[in-house]
Amino acid sequence: MFNVDRRLKFPSALILCLHYPACLLVMAALSEEVLLVVKRVRQRKQDGTLYLMTERIAWGPEGKDRFTVSHLYADIRCQKISPDGKSKIQLQLVLHTGESTTFHFANESTALKDRDAAKDLLQQLLPKFKKKANKQLEEKNKMLQEDPVLFQLYKDLVVSQVISAEEFWASRLKLSSVEHSLSNNSKQEVGISAAFLADIRPQTDGCNGLKYNLTSDIIESIFKTYPAVKQKYAENVPHNLTEKEFWTRFFQSHYFHRDRINTGQQDIFSECAKQDEKGLKSMVVQGVKNPMVDLLSLEDKTLDEGYGSLTVGPNSSKTVKENSNSAIIKRFNHHSAMVLAAGLRKVDAPSDQASETSSTDGNSRDSDFFQPPIKKVKLQEAIEYEDLQNGSGPKTIALNLKKSDRYSHGPVPLQSHHYSTSQDIINSVSCIQEEISCYKPCLTRVMPSSAASSAITALSPGGLLMQAGTQQAVSQLVPTDVQSELKHLYTAAGELLRHFWSCFPVNTPFLEEKVVKMRSNLERFQSTKLRPFQEKIQREYLSTNLTSHLDEMIQAAYNKFHAWQTRRMARKT
Amino acid sequence: MKLNIEGLLVYFPYDYIYPEQYSYMLELKRTLDAKGHGVLEMPSGTGKTISLLSLIVAYQKAYPLEVTKLIYCSRTVPEIEKVVEELRKLMEFYTKETGEKNNFLALALSSRKNLCIHPEILHANIVVYSYHYLLDPKIADLVSKELAKKSVVVFDEAHNIDNVCIDSMSVNITRRTLDRCQTNVDTLQNTIQRIKETDAAKLREEYRRLVEGLKEANVARETDIYLSNPVLPDEVLQEAIPGSIRTAEHFVGFLKRFLEYLKARLRIHHVVQESSPQFLKDIYEKVCIDRKPLRFCAERLRSLLRTLEIADIADFSPITLISHFATLVSTYSKGFTIIIEPFEDKTPTIANPVLHFSCMDPSIAIKPVFERFQSVVITSGTLSPLDIYPRILDFRPVTMASFTMTLARTCLCPLIVGRGNDQVAMSSKFETREDFAVIRNYGNLLLEMSAIVPDGIVAFFTSYVYMENIVASWYEQGILENIQRNKLIFIETPDAAETSMALEKYQEACENGRGAILLSVARGKVSEGIDFVHHFGRAVIMFGVPYVYTQSRILKARLEYLRDQFQIRENDFLTFDAMRHAAQCVGRAIRGKTDYGLMIFADKRYARADKRGKLPRWIQEHISDGSLNLTIDETVQLSKHFLRQMAQPFRREDQLGLSLLTLEQLQSEEMLEKISQIAQQA
């Protein structure tokens, strides 16, 4: 007896920390299609009318033409109703923010009917919007889950309310959507894990049955790898079989158990196996494109039948065990080939065709003058000794620099007078090289080796002369918890500063507003996060210059802000 | 660059040279100067072929009267094609440097269909073809008979040359063969009958020729025009074909009698093993067939088929096989054994009688080659121990040397894994190979390696059956599924087409970054013919010591012969044979100095001196005491370290002066001194 348990995993742990902006937009002015109007609905002990529209639900008090309550469906997490038999017939909407709104249906004769009508309609509408909201939510969730640094940042900045969730996500989601569109263009798809079947390892359920865990990911992998199964699924589910029955049969079939020999014909998957067999055969018949791996033409077969010392028994019969073993091997090869093909199915079309057309006329093999190009290429590759030849290094993309000086030296303050071009540097290097090459040590004035080595010891870290400026690594001086806290501070400050600097040049009112806000965010960060930390390390013994760089960075931002502000003031006056 | 090899100007078509290439050319030149034979071992990937070609072509140009031809034999078609490609490169370089139009004729035969170009062989300066064209008497007679004595013969990839020799001289006869012979004989009879009615003169002419005897052939051999043929022994040439088989009808009658005798011999229920003289005695007693006509059988049949103008010789391959058997069994009283087995050992209930006529002495087939040509060079990446080849092939070389690979960084990492993490010894020896713990530890080793080695891993098993069993038990234990989390798995099958496809998919998976594992078999086609350069093979794992199946009667007979004739102990030979195959397998991964790879020997027996000592020097010298009898964990640690080092950039500058030389560097005294130490004379 098989028992299929379909478990869909959803990330659940993180939903709590997502702060959803409550969108309380009043947009009564716009005409909307009203799907349902329920009169005599009380809210906060006030009579009024409930409107269900295409995108939102709204309530307005009697006698007024504006809504005091309005929720977009996307903001609603769920609806709750009062139990049957209760005197008050109510409907409660729970928002993602945790707030809730309760409507009391007060029309005595039709209250229950009214409520159910509203409930049913909501039931239809909410899932549609939920998907949209969920998608975003899931994406955010995923980003947080996949990136522990981001998660820490989120905790440092949003949970501790240095910046709002909106601000935090504003730039993030844009980034991710950019990435998304990029990846869409280059169509890089994630391949299939070769071990997806391993994840369904059966567990005994304790009562003489086996339990397989099947997730939607695995199902997708099965479909992608074995299109024949997908076809079977489309043919049979749900008209002939339920989904559960389908998968139960799948797991019962020899198809799933690679060591079973195909026996039963009633099995719906025996056809799949046959198709696979056919596919495998056609692949084998097609042969390989790369002549260097073609084992069939490897040997210049000259031994005729009957010669040779090897006993070749073509009719040697195999035992059942051996048959099942070779079935396993065949299926592993097939499985790997299918997984590989599933990953390449979309990508390889153009390049593949080119090589295929060039290698199909294989019968010109013997002529040296008309070798199929692919073979020629492979042969050349095989005899190539890259290190014996000049100028055949790996092909790289040349770096195209507009200002190579800037690339070599990095941004250098312009007031510095020691600005040297790369030519100067090359000259001086060659100068030094020349000097070194004709350097002749004056052997009479050489220091004895013992003195030299003692000098080196004295000058090495920890040596006599190095006591003053001991350069011990931070990792040795600072306890790990402080280190990690410092690390978090750095990432958080970096994030804030990134927001700050991204406002420049400030050329729109929006950016102006943002830059001001970012400055205050920075200040808040300094006071709520950085200061306590600094106090802590002071208390604890450590030198304050641990955070001096952080301070410098923030100070630089303040300076910039200040410069910008004075300039703006000057312009205004 | 242009090199001066002891006074010989050699054009070398590269800007740089490996020190060992220079050393190799030195040894090769000494061999040619001495007009003797040589055994040279140099690792693959050090440019052996181009060194050989450059030197011999230069020699031919400098001393056109001393060396007239180069006969280059290699094993597989791709290898032959590679040689041709390198030769083309060399010729282009000559043209570029000297400005002269190239007047060298080189010829490559890569299929028997091309046999019609036979006259051209005589004029070519270089002939490239497969071993069989020289070693298989049936083909050599057609293709190579008239090659000049002053030729240099090179057997590249010659580590299995003894087996090629033996194969070309061994014959297996089954019931099916005999049935098809029967058909052949009937066809012959009918054809003779028909010709007798229409063109009796033709048969009379043949008869006359046969009375004249094979004098012509004899004259030719004495005047040194022909390569002698082991199937056509000297004695045969001096005598006329005996009267009893001179007429066509008599000969067919003779063949019939012989066939009936063989059929009777196959009707047995127990294994029979006998020597050639015993067989001859029996055949004389039972059906009164003499030794003499038997000896002429092959030649007589050839003459008949020619006379009857049979278009498709291939149809007569069974009767040709039988005639070869007859000649060989009556010619050689030593070096062969006859074993008749009524059934296969695995299936004692199914009658499938086979008569094995097995050659046990590889020197018989290669003897004419050594005797005829002035220099024969046997070379390969793995020829250790060097001295065994002259012994089993029965020749006296003037040079024997093994060259190491000079390396700027140690790009190969041989490790011997002897234990699992549970300390259970790992070994494929017969008593423990089916042991659950051994199989599980082998699986764990592969699993762990699959997690740390990038791209491709190739694993070799000692035999196909063993691999099947292990794969099945890994499947049951879920090990394969865990490996699949890291890499795709491809497995060699007995079907060559299927395996080719698996190989191509394997390479595809290595190419696109997924990474893959290829499970394969030592002594199989993959282990002998496919290279796993760079990312196609970052690690090779040899599961067990690939001993040949020792229960076979043919092998036992051969071992006995080796012991009696060459004083080679059974165990020495078996170990030598196992180690050369192991070396072949692990050597697949290193195909050059810029390449790198792990060589994992997963059997504790490799740690023993008698095994280790038989590995090629270029592998042996990298096995330290710290890499013997490791556990899986230790292996993983060492491998990680090695792979991390190898992943660092490796540039020409790192090699220059150490393992790669410019002309100036080559010419320095100091370097020449160093180079003289690369070759280790055996």
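Okay, let's start at one spot: B:E157, in the loop of chain B between β7, residues 151-155, and α7, residues 161-169. Before I go on, please keep in mind that this is a predicted model.

So, B:E157. This residue has a positive phi, about 50°, although it isn't a glycine. Is B:E157 buried or exposed? Its relative accessible area is 12%, and under 20% counts as buried, so B:E157 is buried.

Now, who touches it? One contact is B:T379, which sits in strand β12, residues 375-380 of chain B. Leaving out its neighbours within four places in sequence, B:T379 is also in contact with B:V154, B:F155, B:D156 and B:A158, and its list includes B:Y24, B:L40, B:K48 and B:L52 as well. B:T379 has a relative accessible area of 0%, so this one is buried too. And where does its side chain go? To the backbone oxygen of B:L40, at 2.8 Å.

Stay with β12 for a second. The loop between β12 and α18, residues 388-393, holds B:P385. The peptide bond leading into that proline, from B:S384, is cis, with omega near -15°.

Chain A has a cis bond to show as well: A:F504 to A:P505, with omega near -5°. A:P505 is in the loop between α15, residues 480-501, and α16, residues 509-540.

Back to chain B, and on to B:V398, in strand β13, residues 397-403. Its relative accessible area is 44%, so we call B:V398 partly exposed. How far is its C-alpha atom from that of B:G36, 362 residues apart along the chain? They're separated by 5.6 Å. B:G36 is also one of the residues B:V398 touches, with B:T31, B:A34 and B:H37 on the list too, once you skip anything up to four places away.

Next stop, B:R588. You'll find it in the loop between α25, residues 570-587, and β19, residues 597-602. This arginine comes out at 2% relative accessibility, so it counts as buried. Its side chain reaches the backbone oxygen of B:I530 at 3.1 Å. Its other contacts, beyond four places in sequence, include B:F460, B:V526, B:S527, B:E528, B:G529, B:D531 and B:F532.

While we're in that part of the sequence, have a look at B:H534, in the loop between α23, residues 525-529, and β18, residues 539-543. B:H534 has a positive phi of about 40°, and it's not a glycine. At 24% relative accessibility, B:H534 counts as partly exposed.

Right, let's zoom out. Chain B has 31 helices and 21 strands, and chain A has 17 helices and 10 strands. How much of each chain is buried? For chain B, 63% of its 682 residues; for chain A, 35% of its 573 residues.

What about contacts along the sequence? Taking pairs with a separation of 6 or more, 79% of the contacts in chain B join residues 24 or more positions apart. In chain A that share is 55%.

Surface next. Chain B has about 25400 Å² accessible, 50% of it from carbon and sulfur atoms, and chain A exposes about 36500 Å², with 55% from those atoms.

Last, the overall shape of chain B. A compact globule of 682 residues would have a radius of gyration near 26 Å, and chain B has 27 Å, so the two agree. Its C-alpha atoms fill a box of roughly 80 × 70 × 45 Å along the principal axes. And the charges: the mean positions of the 83 positive and 87 negative ones are 2 Å apart.

How values were computed: Residues are numbered from 1 along each chain as its sequence is written. Chains are lettered from A and ligands numbered from 1 in the order in which they are written. Side-chain values use heavy atoms; hydrogens and water are left out. Helices (H or I, at least four residues) and strands (E, at least two) are DSSP runs, numbered from the N terminus. The radius of gyration is taken over C-alpha atoms; the globule rule is 2.2 Å times the number of residues to the power 0.38. Buried means under 20% relative accessible area, exposed over 50%, partly exposed in between (1.4 Å probe, protein chains only). Contact means heavy atoms within 4.5 Å. Accessible areas come from the Shrake-Rupley method with a 1.4 Å probe; for residues, only the protein chains shown count as cover. Lys and Arg count as positive and Asp and Glu as negative; His and the chain ends are not counted. The place of a charge is taken as NZ of Lys, CZ of Arg, CG of Asp or CD of Glu. A polar contact is a pair of N or O atoms within 3.5 Å; within protein, one must be able to donate a hydrogen and the other to accept it, and residues adjacent in sequence count only if both atoms are side-chain atoms.
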